Structure formats: structure tokens, C-alpha cells
Amino acid sequence: MRNLILIFSLLIYCFAFSQNDKVGINTETPSAMLDILTKGNTDATKALEIHNSSNTELLKVTNGGKVGINIGTNTPAAVLHINSEGIKNIRHQNLPVLNATDFTPPFNNLGLTSTGNAVSIPSTVKYLYYQNGNIFPATYDSTNNTGGFSLSNTNQYINLPIRNDVGLKGNTIGITFGTDATATVNSQTVNNVQYITIPEPGVYLFEFYGTARCNRFNNNQNYTFNGQIEVNTIFASASGTTYTTDTIFRGRLDGMRNDSGSTFNTSYSLANPQTLTVAYQTTQANQKVALFFNYAGGDNDFSRDECLFNIPAGANFSYYFIISKL
């Protein structure tokens, strides 16, 4: 009888029952259906412990908020410490399909090292690399110096295409390609604009490099250039078929120069390569962008279609274009 009274007294001491059906262990004011308050304040003090029939610790929750599963008498070394020796530690079933924004920062991919520490799994580098291995435009006739484009009208825009052809060296971004039969660039009509579409919003770095030149029409024009021609490489984004300039890089054609920049009396070419570098943030999915070349002014101009992006000596491309997702 005395033992029963002692057990009953211990239960009354350890458990507190509130009037709203809440149970407290070591607290008289439980704040949940079951509220356990640890008696110690060290990280190793246990608030909850569960054993199996062999008296082996299976699960514990410490005063420091750490949970240990199948770690024996050890103190959890992390917020969640699982010993998976001989058993599967975690199995997920029927996980939902996530959108891109659900697994991008501040959320991270999760992996484990051989010692069980969590690490971030390196993601695939997202880039596009396009290399135009031919002269542009392909209609240029190097014998007669015809079939290229002119550089004399500031309202004329020459589209520099990035295409899904043999020049595409890599595309892990998932960029798609298209053509607008008719479009406007800064309110000027341009036909057959070959553009690219960026599928995901984000910040991208665009890099362009190319070499342009203009030759004497039929090699018999008596050009006497002493100045320069200013040219633009233009990066433009589109809404529908309306393209608007986002970035312009201003370059120049130096008079009477060959591809290497040396003076030459039968050509007028770019002594320094034409480049463009721009960091661009897309704020919507499937953003269309395109590249253009444009006459900006200067001491002279070329009114005939005698200009092109050529392949300089020692090179294997007329221009290249790189996109990197930052």
C-alpha cells in the first residue's frame, strides 16, 4: 500500500494536467497537448528518450533542440543526427514536382559527404556558346566584293544571328531559337530577325566578339579615307516583334587597314575587334533578345553592299557569342 502511495505521489509531482486537456511533464503550465520541460540546461540534457525492447536508445531530443535517431548513447552532433548503418535513413515517397523558384536560392540542393556532413551539390554550369565559322553574310562574294551589307545609313540594322546549327558548341541554359519574318528595331523595319529566347528569369552575362571589314567595290573605287567610320554592336530585347536597344558598344573602322591593323590601300577594315559585354537581367520567362550591327557615322561611309564579318588570318570564326547564367 505504501508503494502505491509513493508511485501516485510521484505521478502527481511529475505530471501537471491543465483544465484544457493539456499534459505537462516537469511544468505546471503546459502550452501544448504534451509539453515536456527538461530539468537540465546543457546541450546533452535529454527532454525525450525512446528505447526498444532491448533497452537500446532509438530516439532522443536534447535540451539544445537536437534530435538523434539510432545513435545509441551518443549526444546528437547536429540539429538532426541519424546513424543509417545497416538501414535506410530517409525515404521520400510521392514528392511534389517543384518549380525552378522552389530550388533556387535561398533554397539549396542538398548532398552528403562520406562522413555524413551536408554539402551543396554543384549544379551544371548554365551557358551558351555560339561560334560562326563562316563569313557573314554567307552571300558575300569575295571576288566581286558584293553581297554583303552597307554602312551608310544610321537607320539600317544588320542582324547578327545566333542559330541552332553546327556553330552551336554548347547550350545548357536551354535557349531556343526563332526568326521574326518582320520586326522593328528602334522603330526601324528589319526582316528575318534571328533571335534567341531565354527560358528562365535571372541575371546573364553576354559576350560578343567579331571582326568586320569593308572592301572596295569591285576593287576599282578610288577611296581616299583619312578618317574613321563609327559602328555600333547592339544588344536588344523584344516585346513581341518590337526590339529596343538595351546596350550599345561603339567601335570604329580605321581607314586603309587590313585585318591585322596594318595600312593597306585596297581595304577598309576593323583594326581592333568589335566586342560587346553586357550583364542583363531578365524579369520574365521566355525573354527574346537579338544582336545587331549598325552604322553610327564618321568621316566616310559605304553605300554599297561591300561589308562583312570576315575570318581573320589565323582565326576559325567571324564572330562568337557567349551567354553565362550568373
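The side chain of Thr-27 comes within reach of the backbone nitrogen of Thr-29, at 3.2 Å. This is read from a predicted model. Thr-27 sits in the loop that links strand S2 (23–25) to strand S3 (34–36). Thr-27 counts as buried because its relative accessibility is 14%, and buried means under 20%.

The nonpolar cores come next. The largest nonpolar core has 35 residues, and the members that touch the most others are Leu-151, Phe-206, Phe-293, Phe-309, Phe-321 and Ile-323. Strand S22 (residues 287–298) contributes the most to this core, namely four residues. Apart from the largest core lies another, of twelve residues, including Val-193, Tyr-195, Ala-290 and Phe-292.

What does Ile-323 touch, not counting residues up to four places away in sequence? The answer is Lys-126, Tyr-127, Leu-128, Ile-173, Ile-175, Ile-196, Tyr-204, Leu-205 and Phe-206.

Leu-205 also leads to a pair of strands. Leu-205 stands opposite Ala-279 in S21. Strand S16 (residues 202–210) and S21 run antiparallel and are joined by nine bridges.

In a regular strand the side chains alternate between the two faces of the sheet. Strand S21 (residues 274–282) shows such alternation, with buried side chains on one face and side chains that are not buried on the other. The table lists both sets.

| Face of strand S21 | Residues | Buried or not |
|---|---|---|
| One face | Gln-274, Leu-276, Val-278, Tyr-280, Thr-282 | Buried |
| The other face | Thr-275, Thr-277, Ala-279, Gln-281 | Not buried |

Ala-279, the residue opposite Leu-205, is thus listed on the face that is not buried.

Notes
Residues are numbered from 1 along each chain as its sequence is written. This is a predicted model: local features need pLDDT of at least 70, side-chain atom pairs count only at pLDDT 80 or more; totals for chains, interfaces and linings use all residues. Side-chain values use heavy atoms; hydrogens and water are left out. Helices (H or I, at least four residues) and strands (E, at least two) are DSSP runs, numbered from the N terminus. Buried means under 20% relative accessible area, exposed over 50%, partly exposed in between (1.4 Å probe, protein chains only). A polar contact is a pair of N or O atoms within 3.5 Å; within protein, one must be able to donate a hydrogen and the other to accept it, and residues adjacent in sequence count only if both atoms are side-chain atoms. A nonpolar core is a set of buried Ala, Val, Leu, Ile, Met, Phe, Trp, Tyr and Cys residues joined through side-chain atoms within 4.5 Å. Contact means heavy atoms within 4.5 Å. Two strands pair if DSSP finds at least two bridges between them.
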